[in-house]
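This report examines a single protein chain, beginning with one residue and then widening to the whole. Please keep the sequence and the structure in view while reading.

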Amino acid sequence: EGPKRAFTGKLDGKGYTLRNLCVMGRGLFNEVKDSAKISNIKLENPILLLSDQNIEIASGVLANSMQGGVDEAGVASYASLSNVHVKSPVIKAKGYKEIVGTIVGYVALNTDVNTCSVTDADIVAPDAQVGGLIGKSQTFTQIHACLFTGKAEGKIIGGITSEVSGGEPIYNCRVDADLYGTNTIGGVVGY
């Protein structure tokens with residue numbers, strides 16, 4: 001179980017690889033926010049296990065949620081996720097009915113996701129909203145130059161993200177995957 005306090009710092013993985021991480025019910029970070037930056041890290045063979053007992057509304061291997069913010073003076077702070085690559089992730093979410101993303105479950109409010117990839121994924125979450133990279137994207141978020149490959153199963157499913165609300169741009173992204181959904185399926189965005 002990941003920490004409950006929000007991560008607000010900078011994590012530069014310097015290209016190192018974290019192998020065989022297994023998280024149950026919560027990502028490595030619960031919440032990443034404000035001007036936090038995570039970059040240059042690789043995850044290989046991570047496993048995320050979820051069930052109907054999990055109370056998180058969104059889950060991902062690296063973080064459950066990520067969002068920028070606005071300080072008291074009204075100045076925006078931007079969170080960013082860049083050059084994060086996940087190889088051969090396995091996500092099993094039996095009975096979990098919320099939001100699942102391989103890297104981050106939910107991104108919002110001044111967040112930039114760029115040059116990230118998930119390759120050779122195996123995601124089985126038949127009752128959940130599933131995004132290959134990001135579970136759900138909302139409010140002033142942009143996703144660009146990202147890649148998803150593998151297979152994923154969910155209720156609402158998108159290769160990059162399951163849902164975009166607020167008109168955020170997604171561009172220069174590519175999906176080469178087998179996607180299976182019981183409600184809505186989209187190659188890049190589920191709905």
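Does serine 39 count as buried or exposed? Serine 39 counts as buried, because its relative accessibility is 14%. Here, buried means under 20% relative accessible area, exposed means over 50%, and partly exposed lies in between, with a 1.4 Å probe and protein chains only.

## Basis of the report

This is a predicted model, in which local features need pLDDT of at least 70 and side-chain atom pairs count only at pLDDT 80 or more, while totals for chains, interfaces and linings use all residues. Residues are numbered from 1 along each chain as its sequence is written, and side-chain values use heavy atoms, with hydrogens and water left out.

## The chain as a whole

The chain contains 22 strands and 0 helices. These elements are DSSP runs numbered from the N terminus: helices are H or I runs of at least four residues, and strands are E runs of at least two. The radius of gyration of the chain is 15 Å, close to the 16 Å that the globule rule gives for 191 residues, so the chain is as compact as a globular protein of that length. The radius is taken over C-alpha atoms, and the globule rule is 2.2 Å times the number of residues to the power 0.38. Along its principal axes, the C-alpha trace spans about 45 × 35 × 30 Å.

Of the 191 residues in the chain, 49% are buried. Contact means heavy atoms within 4.5 Å. Among contacts between residues at least 6 apart in sequence, 84% join residues at least 24 apart.

## Surface and charge

About 8,600 Å² of the chain is exposed, and carbon and sulfur atoms supply 50% of this area. Accessible areas come from the Shrake-Rupley method with a 1.4 Å probe; for residues, only the protein chains shown count as cover.

The chain has 17 positive and 19 negative charges, and the mean positions of the two groups are 5 Å apart. Lys and Arg count as positive and Asp and Glu as negative, whereas His and the chain ends are not counted. Each charge is placed at NZ of Lys, CZ of Arg, CG of Asp or CD of Glu.

## Residues within strands

Serine 39 belongs to strand S5, which covers residues 37–44. Beyond its neighbours within four places in sequence, serine 39 is in contact with Leu11, Asp12, Gly13, Ser82, Asn83 and Val84. Serine 80 lies in strand S11 and counts as buried, at 14% relative accessibility. Not counting residues up to four places away in sequence, serine 80 touches Ala36, Lys37, Ile38, Met66 and Asp112. Serine 80 and glutamine 142 are 62 residues apart along the chain, and their C-alpha atoms are separated by 9.8 Å.

Lysine 10 lies in strand S1, residues 10–12, and counts as exposed, at 65% relative accessibility. The C-alpha atoms of lysine 10 and asparagine 54 are separated by 28 Å, with their positions 44 residues apart along the chain counted as the sequence separation.

## Residues within loops

Threonine 139 is in the loop between strand S17 (134–138) and strand S18 (141–144). Threonine 139 counts as partly exposed, at 30% relative accessibility. Leaving aside neighbours within four places in sequence, threonine 139 is in contact with Ala108, Leu109, Asn110, Ser165 and Glu168. Threonine 139 and serine 165 are 26 residues apart in sequence, and their C-alpha atoms are 6.6 Å apart in space.

Two other loop residues have a notable backbone angle. Most residues other than glycine have a negative phi. Serine 88, however, has a positive phi near 55°; this residue is in the loop between strand S11 (79–87) and strand S12 (90–94), and is buried at a relative accessible area of 17%. Threonine 115 also has a positive phi, of about 55°. Threonine 115 is in the loop between strand S15 (111–114) and strand S16 (117–131) and is partly exposed, with a relative accessible area of 37%.

## Cysteines

How many disulfides does the structure hold? The structure holds 0 disulfides, a disulfide being a pair of cysteine sulfur atoms within 2.5 Å. Cysteine 116 is in no disulfide, and the nearest cysteine sulfur, that of cysteine 146, is 4.8 Å away. Cysteine 116 is buried, with a relative accessible area of 2%.

Why does the sulfur of cysteine 146 form no bond with the closest cysteine sulfur, in cysteine 173? The two sulfurs are 4.6 Å apart, which is too far for a bond. Cysteine 146 counts as buried, at 3% relative accessibility.
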